[in-house]
Amino acid sequence: IDHISFPDGKLSQFIQKIKRLVENVKCKLLLCCHDTIEKKLHTHSVHQAVLPQRIRIHPMDRVESAKLLLDQARNLYPWDFHKLHTPQTEVEMAQFPIFEWLSKSPALIQHCTTAMQRKVPFCVILNMMDCE
């Protein structure tokens, strides 16, 4: 429900429907929502009945996205950094502006990994993303 904008009063109605679903079907639900909606959920009395267990997933930062890319992609070679400073650490690697964008979603990292697995140099990806 991360992308849904609830008008006033509709969030309560939505939570009531979820509660009835959990009670009548005896199922467990995985509800993914933005922290702003989670805060609104706390104000409703049905929160504990609907969401007895919460797990907070924190946003990825640039260094974590760089580590994930380096773990998934092929080894990087000097030609990957043509006309660029060659980073020596993951922290230095995360300084490239593309990692601000990649930190938004693991799916974006997967797309970048696919391009790199197809032998596209990292510097070309940077140039194509206008992130240099």
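**Helix α7 and the nonpolar core**

Q: How far apart are the end C-alpha atoms of α7, given its 12 residues at 1.5 Å a residue?
A: The expected span of a helix (1.5 Å times one less than its number of residues) is 16 Å for the 12 residues of α7. Helices here are DSSP runs of H or I with at least four residues, strands are runs of E with at least two, and both are numbered from the N terminus. The separation of the end C-alpha atoms agrees with the expected span, at 16 Å.

Q: What kind of model is this?
A: Residues are numbered from 1 along each chain as its sequence is written, and side-chain values use heavy atoms, without hydrogens and water. Local features need pLDDT of at least 70, side-chain atom pairs count only at pLDDT 80 or more, and totals for chains, interfaces and linings use all residues, since this is a predicted model.

Q: Within what arc do the buried residues of α7 fall?
A: Buried residues (under 20% relative accessible area with a 1.4 Å probe, protein chains only; over 50% is exposed, in between partly exposed) in α7 are Leu-108, Ile-109, Cys-112, Thr-113 and Met-116. They line one face of the helix, because the directions from the helix axis to their C-beta atoms fall within an arc of 140°.

Q: Which residues, beyond its neighbours within four places in sequence, does Thr-113 contact?
A: Thr-113 belongs to helix α7 and is buried, with a relative accessible area of 3%. With contact taken as heavy atoms within 4.5 Å, its partners outside that sequence window are Leu-69, Gln-72 and Ala-73.

Q: Which helices do the buried residues of α4 pack against?
A: The buried residues of α4 are Ser-65, Ala-66 and Leu-69. They lie on the same side of α4, because their arc around the axis is only 100°. The helices they pack against are α5 (90-93), α6, α7 and α8.

Q: Which helices each supply at least two residues of the largest nonpolar core?
A: A nonpolar core is a set of buried Ala, Val, Leu, Ile, Met, Phe, Trp, Tyr and Cys residues joined through side-chain atoms within 4.5 Å. The largest has 19 residues, and those with the most contacts inside it are Leu-69, Phe-96, Ile-98, Phe-99, Leu-102 and Phe-122. At least two residues each come from α4 (62-72), α6 (98-102), α7 (106-117) and α8 (122-128).

Q: What percentage of the residues in the protein is buried?
A: The protein has eight helices and zero strands. Of its 132 residues, the buried share is 30%.
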